[in-house]
Amino acid sequence: MRYPKLFWHGFVVHFKELSASPFQIMTAAIWPLVFATLAYLMFRAGSGAPSLLYASLGAAVMGIWSTTATSAGGAIQRQRWLGLLELLVVAPAPFVFVLAPITVAIAGIGVYSIASTLLWGRLLFGIDVHIASPGLFALAVPATVLAVGMLGLVLASALILYRAASAFSQGLEFPVWLITGLLVPLSVLPGWVTPIAWALAPTWGMRAMRHAALGGSVLPALAMCAVLTVAYGLAAVLLLRYFEQAARRRATLSLT
Amino acid sequence: MTRAGVTTFSRIFFIGGAISFRALFSWITPWVYIPTLLITPMFQLLFFAYLGRTAHLRSDSWFVIGNAVQSASMASLFGMGFAIDGERWSQTLSSVLATPANRAALFLGRALPVLLNSMVTSLFVFVAGRLLLDFHPPLAVVPKLALVVVVACFSVTGLGMTTGAVGLRLRDVPIIANLVMAILLVFCGVNVPLDDLPRWMSAVAQVLPMTHSIGAARRLADGASIGSVDHLLLTDVAIGIAFGIVGFALLRWFEHEGRRLATLDRA
Amino acid sequence: MAAVIEAHDLRRTYKTTTGVIRRKPLSVEAVRGISFAVEQGELFGLLGPNGAGKTTTIKMLITLLLPTGGTARVLGHDVEREPREVRKRIGYVFGGDRGLYERLSALDNLRYFAELYGVSGRAQKARIAEVLELVGLTGREKERVEGYSRGMRQRLHIARGILHDPEVVFLDEPTLGVDPVGARELRATISELVRGGKTVLLTTHYMFEADTLCDRIAVIAKGLIVGEGTPAQLKRGVADGRVTEVEVFGIDEQAVDRVRALEGVTAVAVEEQDQKQLLVVQTSGERELTQVLLAELEGASVGRVSSREPTLEDAYVALVTRDE
């Protein structure tokens with residue numbers, strides 16, 4: 001019964017810890033700006049592009065995925081490097097409730113990039129941010145962070161035994177940007193991509209945020225975020241159970 | 001150069017290069033190499049090509065060329081930066097700079113495997129473009145594109161020396177290298193036509209590496225002859241040399257300063 | 001009463017690889033059959049050189065590693081099959097700089113681990129204050145850990161390890177790299193834990209520490225226990241002999257071997273000390289061996305010669321070098 005409290009507390013602690021590094025914030029906030037700029041310039045130069053606000057929102061969610069891809073896969077690696085992995089594993093709480101707050105906090109750092117991309121768009125490209133349904137938007141953002149964070153949890157759990165975890169998950173940055181409809185609508189991509197996109201949190205988070213800002217039905221997208229959050233959680237539990245046993249057998253918990 | 005000098009030069013060039021390459025990359029398994037140097041550039045291309053389609057901007061072919069050259073060049077940029085930084089991290093920088101060995105040979109020797117990496121990357125991206133996008137260059141164009149990639153890599157290597165030198169001084173090569181990569185990605189006409197950039201940005205692009213090579217490559221893909229673009233390629237070479245000289249000078253100055261202030265090997 | 005910690009023929013083999021391109025599998029037996037038992041309220045020490053298997057043993061006991069052979073129980077629960085039960089009741093503290101969130105304050109660190117280890121609600125605040133008091137960090141808890149000295153970090157580690165009031169505390173080289181004064185304070189804290197009724201298992205390679213702190217010691221070398229008992233028993237175990245120390249200047253291997261082969265000599269160790277070496281010879285029996293010893297050292301320059309009672313360190317050296 002104390003698990004929700006453990007989760008929330010863990011999220012706050014890790015969000016605080018990650019935020020305490022100005023370097024982390026800068027990377028989270030600035031990297032997406034590069035792609036936001038490119039998107040704005042390309043959309044402006046093209047002859048039939050979606051609106052710049054569309055691009056702005058897309059770039060914002062790209063930032064959330066960016067921090068997740070860069071850090072979540074390597075989340076375990078980082079704890080290991082800090083010498084903390086053993087302490088986290090040896091705690092009596094189930095490991096999934098120890099790891100989930102970390103990956104969700106990582107996704108949470110993405111809010112700094114939401115702020116920076118919207119501000120950047122406003123200042124340099126004159127993009128006015130009008131949100132049609134502010135209440136639903138305020139709900140869509142944490143829903144997106146949670147769902148993407150849980151996807152990060154699946155990543156972290158699957159890669160727990162692999163030294164190259166970090167590099168692998170970083171390699172997922174572009175692919176997920178591409179296929180989850182953040183800037184490129186799913187209709188432009190080949191049909192077989194759509195089912196894959198539907199299984200990924202950023203697709204629905206993006207849809208929820210976009211519809212809340214520009215108009216459209218938000219609730220189905222929010223519902224899908226919730227469904228995926230639960231599904232990812234279950235997948236992570238299974239993965240972690242298997243891999244924790246394997247780690248105890250192969251003694252890779254304290255590799256530096 | 002005397003015969004003995006040439007032999008020493010070549011030995012340092014090849015062996016020194018190979019050893020340092022292995023040392024730097026000994027921790028990289030194929031599982032890291034393939035994603036970082038091949039898969040990511042491929043997805044970068046797809047991302048921008050589809051973005052171009054979304055915006056109804058230019059053509060697939062246009063994006064393939066820009067991104068292939070850029071991806072290949074980035075291997076050179078980072079390779080150079082890491083060669084400089086890597087030496088520092090493994091505490092060998094001072095011993096390397098202190099040897100009487102020809103320093104140019106030493107650093108250029110590291111540039112060779114990096115160039116090979118770049119060629120492989122560009123090939124991969126071109127093939128990906130051919131198979132997955134609307135890019136069908138005639139066979140005759142292929143060697144010309146290869147030439148352009150070499151020129152662009154050379155040019156960016158020069159910038160890499162400056163980047164590495166500055167990064168060394170500021171004690172954070174990866175951040176500086178990433179920053180430079182971002183600038184090149186935005187300014188050099190990789191994914192945004194120079195004509196569609198604000199005037200000051202396209203002006204800056206003219207003095208950056210890669211810009212002219214990419215322009216040349218696109219014209220070659222459209223059927224132009226090497227002769228008609230050779231001025232672009234030479235301009236890029238010149239830019240590369242200029243940045244290389246600046247970088248080399250900075251390195252020597254920082255090394256001198258480092259000796260003075262004992263900061264060469266500080267992590 | 002059943003022992004609090006029991007290990008029966010515990011074994012652990014690591015499989016690693018050598019080489020970069022063509023990886024060859026390599027099997028390393030870190031722990032080769034260790035058995036011991038720790039009673040309630042004891043301060044038990046695992047003493048041994050680096051690489052002896054101390055850390056591997058402790059990690060098996062705290063359920064971080066699965067034994068590849070043998071069994072172990074902590075408070076009656078099997079470490080392999082009931083890890084959660086074990087984890088709830090034990091505390092784990094290790095030496096070194098890592099293991100804390102540097103960017104956060106000590107208080108934040110403790111609150112986080114309190115939450116993780118199930119100490120929540122109103123009890124949490126009181127308990128945190130209690131452990132801070134015990135380790136002597138009250139008043140400094142709001143500072144960021146990155147500003148802490150090594151000794152302070154160690155104390156914070158201990159505080160963290162006992163937050164949930166475990167019955168058994170495992171300490172892995174807790175005074176590693178700590179200055180002498182800090183180390184003494186740490187040892188005082190550790191003794192305090194046992195006085196409070198906890199059972200403590202400590203690994204260390206510091207003789208002095210094992211000698212002063214531990215009720216009983218097991219000496220580990222190369223994955224096996226080579227001696228066990230109270231510090232006094234171990235010292236007595238160095239036969240009934242004496243220890244002769246000879247200062248030599250440039251002694252060669254053959255001379256050392258000749259000394260080792262002498263009748264009555266139980267162990268020989270050579271300590272390098274700058275320009276000279278110290279030959280430490282343990283002898284058994286009443287025989288006066290000094291003259292014989294010096295005869296074997298013919299040819300080498302000899303400085304001071306002294307004779308003394310054996311210490312724990314001598315017992316340790318004897319045990320550890322026995323099979324060499």
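**Group meeting: a walk through chains A, B and C**

Okay, let's start with the sheet in chain C: six strands, open, in the order β6-β7-β8-β3-β9-β10, and the pairing is mixed. At the edges sit β6 (90–94) and β10 (224–229) of chain C, each pairing on one side only. If you care about twist, neighbouring strands in this sheet are turned by 15° against each other on average, ignoring direction. And before anyone asks, this is a predicted model.

Let's zoom in on one pair from that sheet. Strand β7 (residues 168–172) of chain C runs parallel to strand β8 (residues 199–204) of chain C, and the two share 5 bridges. If you want a spot to click on, take C:Val169, whose bridge partner in β8(C) is C:Val200. Now, what lies across these strands? Helix α6 of chain C, residues 180–195, lies across β3 (43–47), β7 and β8 of chain C. The angle this helix makes with β8(C) is about 150°.

Stepping back to chain C overall, we've got 11 helices and 14 strands. The C-alpha atoms fill a box of roughly 75 × 50 × 45 Å along the principal axes. Chain C has 324 residues, and 44% of them are buried. For the contact-map people: take the contacts in chain C between residues at least 6 apart in sequence, and 71% of those join residues at least 24 apart.

Here's a residue to look at in that chain, C:Leu10, which is in strand β1 (residues 5–18) of chain C. Buried or exposed? C:Leu10 has 26 C-beta neighbours inside 10 Å, and the cut-off for buried is 20 or more, so it counts as buried. Beyond the neighbours within four places in sequence, its contacts are C:Val31, C:Ile34, C:Thr57, C:Met60, C:Pro67, C:Gly70 and C:Ala72. There's also a C-alpha separation of 12 Å between C:Leu10 and C:Asp78, which are 68 residues apart along the chain.

For contrast, go to strand β14 of chain C, residues 301–308. None of its 8 residues is buried, so this strand lies largely in the open. Its pairing with strand β11 (residues 242–249) of chain C is antiparallel, over 6 bridges. One bridge to look at there joins C:Val246 to C:Val305 in β14(C).

Right, on to chain B and one helix, α6(B), residues 141–170. Does the length add up, or is something off? With 30 residues at 1.5 Å each, α6(B) should span 44 Å, and the end C-alpha atoms are 42 Å apart, so that agrees. This helix is mostly covered, with 21 of its 30 residues buried. Just past the end of α6(B), B:Arg171 takes a positive phi of about 60°.

Last topic, the interface between chains A and C. Here 24 residues of chain A are in contact with 23 residues of chain C. On the chain A side, the elements giving two or more residues are α1 (3–19), α5 (85–90) and α12 (219–250). Which of them gives the most? That's α1(A), with 6 residues. By class, this side of chain A has 14 nonpolar, 3 polar and 7 charged residues.

That's my tour, so let's pull up the model and poke around.

Conventions: Residues numbered from 1 in each chain as written. Chains lettered and ligands numbered in written order. Predicted model: local features only at pLDDT ≥ 70, side-chain atom pairs only at ≥ 80, totals over all residues. Buried ≥ 20, exposed ≤ 12 C-beta atoms within 10 Å, placed from the backbone. Helix = DSSP H or I, 4+ residues; strand = E, 2+ residues; numbered from the N terminus. Pairing = 2+ DSSP bridges. Contact = placed C-beta atoms within 7 Å. Nonpolar A, V, L, I, M, F, W, Y, C, P; charged D, E, K, R; others polar. Expected span 1.5 Å × (residues − 1). Axes fitted to C-alpha atoms, helices over the stretch in contact; angles between N-to-C directions.
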